[in-house]
Amino acid sequence: ASTSPAQAAAARRGILVGYITEKMPPPPPPRPPPPKAPSRPAAPPPSKSSSGGGGGEGGSSSSSRRCVVFDENHLPSVLRDGLNPAQERDYRRRTCRFIETCCSSSYLRLPRIPVATAHVFFHRFYAKHAFSEHDRFEVAVACILLSAKTEESPKKLNQVIAECWRVKQKGMSKAAAKSSGSSGSNPVGGASPRGGATGGSSSGLSPGPLSAGLSPSPGGGSAGAPGSSGEGKDPIVLPLDPSTGYPDQKSDEFARLKERVLLLERVVLHTIGFELSVDHPYKDMVDKIKVLNHTKQLEYIAPPPPSSGGPDGRPVPQALRMNQELVQNAMNFANDSLHTSLCLQFPAGTIGATCVYLSGRACKVRPTGGRSWTDLLGIDPDDVATVSLQIMELIAETRSRGKAEPSLFGEVRKDLDRMREGKGAIAPPRKNPVVPAGPDPKRQRYQ
């Protein structure tokens, strides 16, 4: 019988399927199910005290972020040099003021972001090295040079070294004139943000090295010896050019100092793990103030009298005046925080939010609707207390700068005490608020 083409094609497909089925190997036997692992008891959730008493940025704790307790007693300068935490903080603050003065001079004029980055590089470097290992003023020069390159504001190496040398010599001369005729002098050199450098020296007014040894350190011993700040280790005396008042840049000593600074720049890079991207609280802080002011979530405790500082003598709107005052004070507090080790303990968002809180207290501004600052800013009360106390401790030592009044400190301490008791709720204050005088055991460092 004749078959149609369709029937012939179907027959061929059936033969092909049968052939493939015969040639295919048989399926493997099913494997036995794996034995069940013994069930483990669920681990209890971590307590607040075990995590160091703080949360992540914005007040929410993240389990993915590794958090270790920041203890000043475990810093290299304390363990190896025999310094106590107060002396270690003093070295940091004085060198940070030296960085501030050098960067803000009319010769360098670095923007604010490179200056802040230089401070962070310096703090990170001496979180892993002791002060006796490297001259801290030469490390400061290397940090300034590196931060200027990183933040796209490069400066010539000769410029940076010459200006830092001038600032150091000016500070040593002032300290020598101030301490003439008295045995006690400032233990370490530094620079005040507005009044020039400050430091102790008993070597006279003759030009000395950038890393010239000053007076004996608080930890005992001479500069550069074990247990000191390491300021006078193998100093390089730069000859002075009388025509310019700066060091002679064609001398062999200046070339040696340039090589040392370039070497220290590479050491700083290796120490910080080539992590050149640094977050600062400035932008988030300004944006947060603008949002809070625009949405009318802030108000003056007592409305101030109208100001006539506007264009054409017209009064400044209250909202604009509040925004300007909050931003200016928050910037000042953020700049002060760079002279502490807060950048090693908290992220930039937590520091910026705390500066907004301190600025609001200084400007006598409060959240509307009876809300608390911690709820408004979304930060943990313990973090606010720790950051605020360190900034106020720094300002209290330099109260002549006029950043805050002593009465403000008392109000902030009472407010922080209420936060710690009620976690942001309005609770009655205790008769004697307890504020730790020494290093807070709950300070954190985020890695």
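**Notes on a predicted model: salt bridges and a helix crossing**

1. Let's start with a charged pair: arginine 89 and glutamate 72 are both buried. Keep in mind as you look around that this is a predicted model. The two residues form a salt bridge, and their closest N and O atoms are 2.7 Å apart. Arginine 89 sits in helix α3, while glutamate 72 belongs to the loop between β1 (67-69) and α2 (76-81), so the bridge ties together parts that are 17 residues apart in sequence.

2. Helix α3 has another bridge to look at. Here arginine 112 pairs with glutamate 100, with 2.6 Å between the closest N and O atoms. This pair links distant parts of the chain, 12 residues apart: arginine 112 is in helix α4 (residues 112-125) and glutamate 100 in helix α3. What about burial? Glutamate 100 has a relative accessibility of 10%, so it counts as buried. Arginine 112 is at 27%, above the 20% limit for buried, and therefore counts as partly exposed.

3. Further along the chain, aspartate 415 and arginine 361 join their side chains in a salt bridge, at 3.7 Å from N to O. The partners are 54 residues apart, with aspartate 415 in helix α13 (residues 406-422) and arginine 361 in helix α10 (residues 348-362). Aspartate 415 is buried, its relative accessible area being 9%; arginine 361 counts as buried too, at 19%.

4. Some bridges share partners: Glu72, Arg89, Arg93, Glu393 and Glu397 are joined into one network that way. How many salt bridges are there altogether? The count comes to 17.

5. Back to α3, this time for its packing. The axes of α3 (residues 85-103) and α6 (residues 157-178) come within 9 Å of each other and cross at roughly 120 degrees. Angles from 65 to 115 degrees would count as roughly perpendicular, and this pair is therefore oblique. The crossing is right-handed.

6. Which residues meet where α3 and α6 touch? From α3 come Phe98, Thr101 and Cys102, and from α6 come Glu163, Cys164, Val167 and Lys168. Sorted by class, that contact has four nonpolar residues, one polar and two charged.

7. One last stop, just ahead of the crossing partner: serine 153 lies in the loop between α5 (136-150) and α6. Is serine 153 buried or exposed? Its relative accessibility is 16%, so serine 153 counts as buried. Leaving aside residues up to four places away in sequence, serine 153 touches Leu110, Pro111, Pro114 and Ala148.

Technical notes
Residues are numbered from 1 along each chain as its sequence is written. This is a predicted model: local features need pLDDT of at least 70, side-chain atom pairs count only at pLDDT 80 or more; totals for chains, interfaces and linings use all residues. Side-chain values use heavy atoms; hydrogens and water are left out. Axes are lines fitted to C-alpha atoms, for helices over the stretch in contact, and angles run from 0 to 180 degrees between N-to-C directions. Helices (H or I, at least four residues) and strands (E, at least two) are DSSP runs, numbered from the N terminus. Angles under 35 degrees count as roughly parallel, over 145 as roughly antiparallel, 65 to 115 as roughly perpendicular and the rest as oblique. A crossing is left-handed if the near helix is turned anticlockwise from the far one by less than a right angle, and right-handed if clockwise. Contact means heavy atoms within 4.5 Å. Ala, Val, Leu, Ile, Met, Phe, Trp, Tyr, Cys and Pro count as nonpolar, Asp, Glu, Lys and Arg as charged, and the others, Gly among them, as polar. Buried means under 20% relative accessible area, exposed over 50%, partly exposed in between (1.4 Å probe, protein chains only). A salt bridge is a side-chain nitrogen of Lys or Arg within 4 Å of a carboxyl oxygen of Asp or Glu.
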